[in-house]
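Biologist: I like to know what stands behind each label before I use it. Could we go through a few of them together?

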Amino acid sequence: MWTTKTPWIAVAVACTLGMAASASAKTCQQNFRSVGDPRNGQFFTSEVTLPGLKPRSALGQLRKAALDEGNNFVSGDVITETEGQMYVLQTDTKVPLVSVITASNGGNVAVGTKLSRGQTAKEEDARSALCGWLDKLKTGPEGEAIAEAVRVSSGFDKPIQATAVGMSTEMGKDSKRLQREINTAPLKALFSGSSTPPDTEAMYQPLLVKYFGRRFIIDGQVYTAQPNRFTNTIEVGYLVTKMKGIGGIGGRQSNDNNNANFTVHCALAPDQMALGATLRENDWVKLDGVVDKMDTGGVHLRDCRQVK
């Protein structure tokens with residue numbers, strides 16, 4: 001990507017990236033847009049439409065483009081029947097820069113980056129960076145071969161074995177560290193003489209990038225298993241309270257304390273509805289799923305399936 005004279009960070013605004021299907025005849029340079037007042041942090045975005053380009057191929061090729069620059073950390077990806085998404089974290093700036101990439105079955109691929117308040121960048125630099133990625137996309141077998149090669153070499157989608165309690169503890173530590181940074185940011189700004197309030201949403205983004213799209217095989221006990229009427233899935237909430245005493249001989253902490261910890265929820269895949277109907281509180285279940293949402297209080301995984 002590109003750097004600016006002052007450190008800056010992006011907030012991924014995925015919902016605004018799909019600009020128009022009519023962009024298929026335009027180049028990335030023609031589709032480039034800069035939105036917003038620079039004093040608030042501009043939003044830079046562009047897109048291309050390449051008929052026949054599938055989300056898996058597009059995201060794989062852009063993974064390679066980002067990694068080839070040598071100063072980026074790329075999240076996993078989440079791919080549904082119609083679209084895919086991933087994040088790129090630029091690591092060579094004092095304050096990390098995050099970009100969001102989305103791709104659809106129609107061959108539309110978009111990249112967007114939002115600056116935080118008080119940070120600026122030249123539009124020509126932003127255009128060059130975004131189109132430097134998008135202009136490398138290839139359709140057909142050539143592009144698919146590039147994408148699959150980097151999927152294998154990066155190994156990002158290899159499942160990570162975890163227990164629900166262990167996952168809650170590890171991710172909870174990251175979350176608490178981030179929360180401390182957010183809480184102390186106004187004080188640091190006061191002593192540094194900065195008149196720009198901290199962008200707490202932007203500060204949160206690197207934590208999301210670290211886990212988004214990663215596959216986990218989670219073993220643990222059920223806290224809740226309830227239908228979600230909005231998504232037509234069954235949401236499994238894991239019991240993440242710790243055992244008391246040395247070696248757990250004191251028994252488990254009260255289940256009532258579960259939501260006071262960093263929570264772990266898994267949405268069962270449609271073909272796992274029969275499993276979901278059998279699950280009761282304290283039942284054991286091992287699920288394989290992909291992280292699609294995260295905040296400072298918990299993590300959510302999608303397309304979860306039983307591992308026997």
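Modeller: Gladly; we will take some labels in turn, bearing in mind that this is a predicted model.

Biologist: Let me begin with N108, in strand β6. Why is N108 called buried?

Modeller: Its relative accessibility is 14%. Buried means under 20%, so N108 counts as buried.

Biologist: What makes the link between the side chains of N108 and E47 a polar contact?

Modeller: The two side chains come to 2.4 Å, and the cut-off for N or O atoms is within 3.5 Å, with one able to donate a hydrogen and the other to accept it. The side chain of N108 also makes a polar contact with that of T49, at 3.1 Å, under the same cut-off of 3.5 Å.

Biologist: E47 and T49 belong to strand β2. How do you know that β2 is mostly covered?

Modeller: In β2, residues 43-49, 7 of 7 residues are buried. On one side these are F43, T45, E47 and T49, and on the other F44, S46 and V48.

Biologist: And what makes β2 and β6 a pair?

Modeller: Pairing needs at least two bridges, and β2 and β6 have 7, in the antiparallel sense. One of the partnerships joins E47 to A110 in β6.

Biologist: How many bridges link β1 and β2?

Modeller: Strand β1, residues 33-35, pairs with β2 over 3 bridges, again in the antiparallel sense. There, S34 stands opposite F44. With at least two bridges required, this counts as a pair too.

How values were computed: Residues numbered from 1 in each chain as written. Predicted model: local features only at pLDDT ≥ 70, side-chain atom pairs only at ≥ 80, totals over all residues. Heavy atoms only, no water. Helix = DSSP H or I, 4+ residues; strand = E, 2+ residues; numbered from the N terminus. Buried < 20%, exposed > 50% of the residue type's maximum accessible area, 1.4 Å probe, protein only.
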